[in-house]
Amino acid sequence: MADRGRGTARGSQRGGPFASRGGRHGGPQGPQPTLDKPKREAILDLSKYVNARIRVKFTGGQKHQKKNHCSCKSVTGVLKGYDQLLNLVLDEVQEQVQDPEPRTRTLGLAVLRGPTITLLSPVDGLEEISNPFALQE
C-alpha cells in the first residue's frame, strides 16, 4: 500500500485499463493509417463539358404503368464546376418536372450532389432514338 502513487501507473500491467482485447479497437495490432495513399481520380473527365450545356437525371421517381414514362427529375444547365465525387455546379439551371403535366422551372445556379446522379449527357448533339428492346406489338 505504501507504493501507491509511485512507480508504475495503475492498471499498467497487461496493457492498462484501455487495452485492446481482440484487436477491434485499432491498437498496435489493428490496421494502421497510411499517409502515402494515392489521391482518388475522377471516374469521368468532365473538363470537356465545362461551360457547355448538359442534362442530368437523378435517382428516384416512379414509372407510370399507363404512360410508360418515368417521373424522374432532370435538369439542364451550364456546367461551371465539378469534383471527384461528381458533385456538380450548374448555372442557368432549368428543371423538367413531369408530374402531373410536363413543365419547366427555372432555378438559376445550383449544386447537384454526385451520389444522386444517374445520367449525365451533353444537350448539344443529343438525339432521341427508338428503344430497340421495346416489345413489338
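Me: How many bridges join β3 to β4, and do these strands run parallel or antiparallel?

Reply: Strands here are DSSP runs of E with at least two residues, numbered from the N terminus, while helices are runs of H or I with at least four. Two strands pair if DSSP finds at least two bridges between them. In this case β3 and β4 run antiparallel and are joined by eight bridges. Within this pairing, Q94 stands opposite T106 in β4. Five residues lie between β3 and β4, and the two strands form a hairpin.

Me: On what basis should the coordinates be read?

Reply: This is a predicted model, in which local features need pLDDT of at least 70 and side-chain atom pairs count only at pLDDT 80 or more, whereas totals for chains, interfaces and linings use all residues. Residues are numbered from 1 along each chain as its sequence is written, and side-chain values use heavy atoms, with hydrogens and water left out.

Me: Which strands make up the sheet, and in what order?

Reply: The protein has zero helices and five strands, so its pattern along the sequence, by the DSSP runs defined above, is β-β-β-β-β. In space, the five strands form an open sheet with antiparallel pairing and the order β4-β3-β2-β1-β5. At its edges are β4 (103-112) and β5 (117-122), each of which pairs on one side only. From one strand to the next, the twist averages 25° (axes are lines fitted to C-alpha atoms, for helices over the stretch in contact, and angles run from 0 to 180 degrees between N-to-C directions).

Me: How many bridges join the other pairs, and which residues stand opposite one another?

Reply: Strand β2 (residues 74-82) is joined to strand β3 (residues 88-97) by seven bridges, in the antiparallel sense. There, L79 has L90 of β3 as its bridge partner. The antiparallel pair β1 and β2 has five bridges, and β1 and β5, also antiparallel, are joined by five bridges. I54 stands opposite G77 in β2 and opposite P122 in β5.

Me: Which residues make up the largest nonpolar core?

Reply: Nonpolar side chains tend to be buried together in soluble globular proteins. Buried means under 20% relative accessible area, exposed over 50% and partly exposed in between (1.4 Å probe, protein chains only). A nonpolar core is a set of buried Ala, Val, Leu, Ile, Met, Phe, Trp, Tyr and Cys residues joined through side-chain atoms within 4.5 Å. Here the largest one has 12 residues: L46, I54, V56, F58, V75, L79, L88, L90, V93, A110, L112 and I117. At least two of its residues come from each of β1 (53-58), β2, β3 and β4. In β1, the covered face holds I54, V56 and F58, and the uncovered one R53, R55 and K57. Buried residues account for 18% of the 137 residues in the protein.

Me: What surrounds L88 in this core?

Reply: L88 belongs to strand β3 and counts as buried because its relative accessibility is 1%. Contact means heavy atoms within 4.5 Å. Leaving aside neighbours within four places in sequence, the contacts of L88 include L46, I54, V56, L79, A110, L112 and I117. L88 and V56 are 32 residues apart in sequence, with their C-alpha atoms 9.7 Å apart. For the protein, 48% of contacts between residues at least 6 apart in sequence join residues at least 24 apart.

Me: Are E95 and Q96 buried or exposed?

Reply: Both lie in strand β3. E95 counts as buried because its relative accessible area is 5%, and Q96 because its value is 18%. A polar contact is a pair of N or O atoms within 3.5 Å; within protein, one must be able to donate a hydrogen and the other to accept it, and residues adjacent in sequence count only if both atoms are side-chain atoms. The side chain of E95 makes such a contact with the side chain of R105, at 2.6 Å. For Q96, a polar atom of the side chain lies 3.4 Å from the backbone oxygen of Q94. Among the contacts of V75, not counting residues up to four places away in sequence, are E95 and Q96.
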